[in-house]
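Thanks for coming. I have one structure to go through today, so please look at the sequence and the model on the screen.

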Amino acid sequence: MSCLFRLFVFLSGFCYIFASPEVCTNSLIPGAKGDQGDYGEQGEEGKLGKNGPPGLAGDKGPKGFDGPVGIKGQAGVTCDCGRYRKVVGQLDENLGKLRNTVKFVKNVVLGLKETEDRYYLLVKEPKKFREASMNCKLRGGALAMPKTNNINRLMADYISQAGLTRVYVGVQAQSKGTDGAGSYIYADSTPLREFAVWSQEEQLYSTSSPAINISCVELLNTGTWNKVECETPLFFLCEFPKSRRRGRGGAAASAS
């Protein structure tokens, strides 16, 4: 009897539960927030992140204390600058002596005169005009041409200092010329143009045509020009350009 009663009670309770409008779920409703717990222990150090941008430069700090004196270093190599300077100085001195020697050879031994671009050599060998012209060419130059008043004066002084009165220069009548000074040309075939220093005697006869036997020109130590027979043996003046090739030939020419 008691067993039947218990079964009845169980079935009644079961029907009541299923007949209830509330739905039975497994959801748990959170309760109220509890009190803050204790701090946990510090964890392990994490991995390093990316480097950030550099910060602004800070102010210069105060000067620190002087450090201790370092160890003495090895002795350096001795400089020979003084010896080199002495050698260079000696070379300059020797070069100066060489220049003076060259000047002595040109002016005294060879008896050369010079301008900015030319040397002039007085050759004391009496020759006819054609032979004198060829002699200058063989030396590497030409018969001297007094194209300006300054060069003409230099040549005249050169003749005077040598104790001479006249020499051949590079002026000659053209083969087919007209009368007057215009019929004469220089050794390089250029005309006289405006410059000519004929003597007074020659100026008196300047309108007459030059004769064949007096178609050459001599320079007097006074600086004037005279017409002369080309077959007359005279000393003569050569000129040499100051170039490396021909200038050396001129400087090397003997004064014989």
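Cysteine 230 counts as buried, because its relative accessibility is 14% and the cut-off for buried is under 20%. This is a predicted model, so keep that in mind for everything I say.

What does cysteine 230 pair with? It forms a disulfide with cysteine 216, and the two sulfur atoms are 1.9 Å apart. The link of cysteine 216 and cysteine 230 is right-handed, with 105° about the S-S bond. Cysteine 216 sits in strand β6, while cysteine 230 is in the loop between β7 and β8, so the two are 14 residues apart. Cysteine 216 is buried as well, at a relative accessible area of 0%.

The count of disulfides comes to 2. The other one joins cysteine 136 to cysteine 238, with an S to S distance of 1.9 Å. This link is left-handed, at -80° about the S-S bond. Cysteine 136 belongs to helix α3 and cysteine 238 to strand β8, so the bond ties together parts that lie 102 residues apart in sequence. Both cysteine 136 and cysteine 238 are buried.

Next, the chain as a whole. The protein chain has 6 helices and 8 strands. From the N terminus, the order of elements is α-α-β-β-α-β-α-β-β-α-β-β-β-α. Of its 256 residues, 26% count as buried. Taking contacts with a separation of 6 or more, 72% are between residues 24 or more positions apart. The accessible surface is about 20,200 Å², and carbon and sulfur atoms make up 56% of that.

Now to the core. In soluble globular proteins, nonpolar side chains tend to be buried together. Here the largest nonpolar core has 38 residues, and the members that touch the most others are Met155, Tyr168, Val171, Trp225, Phe236 and Leu237. The elements giving two or more residues to this core are β2, α3, α4, β4, β5, β6, β7 and β8.

I will spend the rest of the time on one of those elements, helix α4, residues 149-161. How far apart should the ends of this helix be? With 13 residues at 1.5 Å a residue, the expected span is 18 Å, and the end C-alpha atoms are indeed 18 Å apart, so the two agree.

Which residues of α4 are buried? They are Ile151, Asn152, Met155, Ala156, Tyr158 and Ile159. Looking down the axis of α4, these buried residues fall within an arc of 155°, so they line one face of the helix. The face turned away from the buried side carries the exposed residues Asn149, Asn150 and Gln161.

What do the buried residues of α4 pack against? The partners are strands β1, β2, β4, β6, β7 and β8. Methionine 155 gives a detailed view of the helix's surroundings. Apart from neighbours within four places in sequence, methionine 155 is in contact with Tyr120, Ala144, Met145, Pro146, Val169, Leu219 and Leu237. Met155 and Leu237 were both named a moment ago among the core members that touch the most others.

One last detail on this stretch of chain. Just after α4, glycine 163 takes a positive phi of about 80°.

That is what I have; I will take questions now.

Methods
Residues are numbered from 1 along each chain as its sequence is written. This is a predicted model: local features need pLDDT of at least 70, side-chain atom pairs count only at pLDDT 80 or more; totals for chains, interfaces and linings use all residues. Side-chain values use heavy atoms; hydrogens and water are left out. Helices (H or I, at least four residues) and strands (E, at least two) are DSSP runs, numbered from the N terminus. The expected span of a helix is 1.5 Å times one less than its number of residues. Buried means under 20% relative accessible area, exposed over 50%, partly exposed in between (1.4 Å probe, protein chains only). The arc is that of the directions from the helix axis to the C-beta atoms. Contact means heavy atoms within 4.5 Å. A nonpolar core is a set of buried Ala, Val, Leu, Ile, Met, Phe, Trp, Tyr and Cys residues joined through side-chain atoms within 4.5 Å. Accessible areas come from the Shrake-Rupley method with a 1.4 Å probe; for residues, only the protein chains shown count as cover. A disulfide is a pair of cysteine sulfur atoms within 2.5 Å.
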